[in-house]
Number of protein chains: 2
Amino acid sequence: MQQYSSVLLERAVGEFAKLPGIGRKTALRLVLHLLRQPLPEVETFADAIALLRRDIKYCKVCHNISDSEVCEICSQSSRDASMVCVVETVRDVIAIENTSLYRGLYHVLGGVISPMDGIGPGDLEIDSLVERVCTGGVKEVIFALSPTMEGDTTNFYIYRKLAGMEVSMSVLSRGISVGDELEYADEVTLGRSLMNRTPFTGKTY
Amino acid sequence: MQQYSSVLLERAVGEFAKLPGIGRKTALRLVLHLLRQPLPEVETFADAIALLRRDIKYCKVCHNISDSEVCEICSQSSRDASMVCVVETVRDVIAIENTSLYRGLYHVLGGVISPMDGIGPGDLEIDSLVERVCTGGVKEVIFALSPTMEGDTTNFYIYRKLAGMEVSMSVLSRGISVGDELEYADEVTLGRSLMNRTPFTGKTY
């Protein structure tokens, strides 16, 4: 498309423009900003990204992003291990942590069941959730998936899988507006919907 | 501010959030996007940025970003070396190149005279421009600085420096709206203002 006087510049702008929501003009602005920074700072930036991708681990219990085998949240003894909050992504964990109202653990599914996108139950961390509940110690599973049809479907699928086990299930109260992304709900609304969670009856309402 | 379950994640988000116009939520979104990409692609991304900062050169003639001592534009024999277009930044070179209406050379000042920001003539590539004109071969200098007070001041400063030399001076026609940034003008307006450039009389109008 655009032709710059430098192949190095062209390449860096092209790489930035691959990021979601970053067009070529913004990419150029970011790259030229980095060019004005001292070399060590830019190297720190580049290293932080490469290191993250190379060394990041996923917690073997809850599948949250972690620096070690078991994540910080799962290894904190002060947290209530009898509650497991089921979320789609790491971003949702961060969003709920920011409310400071939840002291239980998490389970990151990695998405929701979505036949349109070719995502079935086998692509998600559902079996490991069922196993976690089977092992015992979990008294309540809180569904905190996005309030969409796919989220509801996933809730229901897990509900069926866990039916008969000694575990109560609840779902975030619909304080959050339908069709919205969980991570963009404000802390107050999100916190309240956690406090007012309602028993899960298997109905999608 | 926010606390993530991973130091690596925290660091990468922090680095992205340092970029202009990128907040912590956007930074997190970009970092999680990169986490989903294959390792080689993320390394390519990181390398492109580090390499750019390490190996980039500035053309010794026009101070444009370049991979070699003399940039691609300056070394093209097909371009008209008798015209020099004076711009603030590399972005302006790219914006003018995109109009495909200019076949002369450039001179990147690196900014405009702005006493408020502590930028004097000595901080800009003005002396090297005067030298370029002194050396001969330049018949016309086109001022393409932003149409602000600082841009006008810089035009006038250079005009005084070049006065008496055998060179004509012109300024972009005011088709571009006053107070706007040059790089965001659309190609048609920017191209027309290049074609309709007016003789520079030393007045700021």
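**Chain B against chain A, and two loop residues**

Guide: In this predicted model, 10 residue pairs are in polar contact across the interface of chain B and chain A, both partners at pLDDT 80 or more.

Visitor: Which elements of chain B give two or more residues to the side that touches chain A?

Guide: They are α1 (7–17), α2 (24–36), α3 (39–55), β2 and α5 of chain B. α3(B) gives the most, with 15 residues. The residues on this side of chain B divide into 30 nonpolar, 9 polar and 15 charged.

Visitor: What makes Arg54(A) and Glu43(B) a salt bridge?

Guide: Their side chains meet at 3.1 Å, N to O. The cut-off is 4 Å between a side-chain nitrogen of Lys or Arg and a carboxyl oxygen of Asp or Glu, so the pair qualifies. The count between chain B and chain A is 2 salt bridges.

Visitor: How much area is buried between the two chains?

Guide: About 5500 Å², with carbon and sulfur atoms giving 67%. In contact are 54 residues of chain B and 54 residues of chain A.

Visitor: Why is His63(B) called buried?

Guide: Its relative accessibility is 17%. Buried means under 20%, so His63(B) counts as buried. His63(B) sits in the loop between β1 (57–58) and β2 (65–66) of chain B. Its phi is positive, about 65 degrees, although it is not a glycine.

Visitor: And Ser100(B): why is this residue called exposed?

Guide: Its relative accessible area is 60%. Exposed means over 50%, so Ser100(B) qualifies. Ser100(B) lies in the loop between α5 (90–97) and β4 (104–108) of chain B. Ser100(B) is not a glycine, yet has a positive phi of about 60 degrees.

Conventions: Residues numbered from 1 in each chain as written. Chains lettered and ligands numbered in written order. Predicted model: local features only at pLDDT ≥ 70, side-chain atom pairs only at ≥ 80, totals over all residues. Heavy atoms only, no water. Helix = DSSP H or I, 4+ residues; strand = E, 2+ residues; numbered from the N terminus. Buried < 20%, exposed > 50% of the residue type's maximum accessible area, 1.4 Å probe, protein only. Contact = heavy atoms within 4.5 Å. Buried area = accessible area lost by both parts, 1.4 Å probe. Polar contact = N/O pair within 3.5 Å; in protein donor to acceptor, adjacent residues only side chain to side chain. Nonpolar A, V, L, I, M, F, W, Y, C, P; charged D, E, K, R; others polar.
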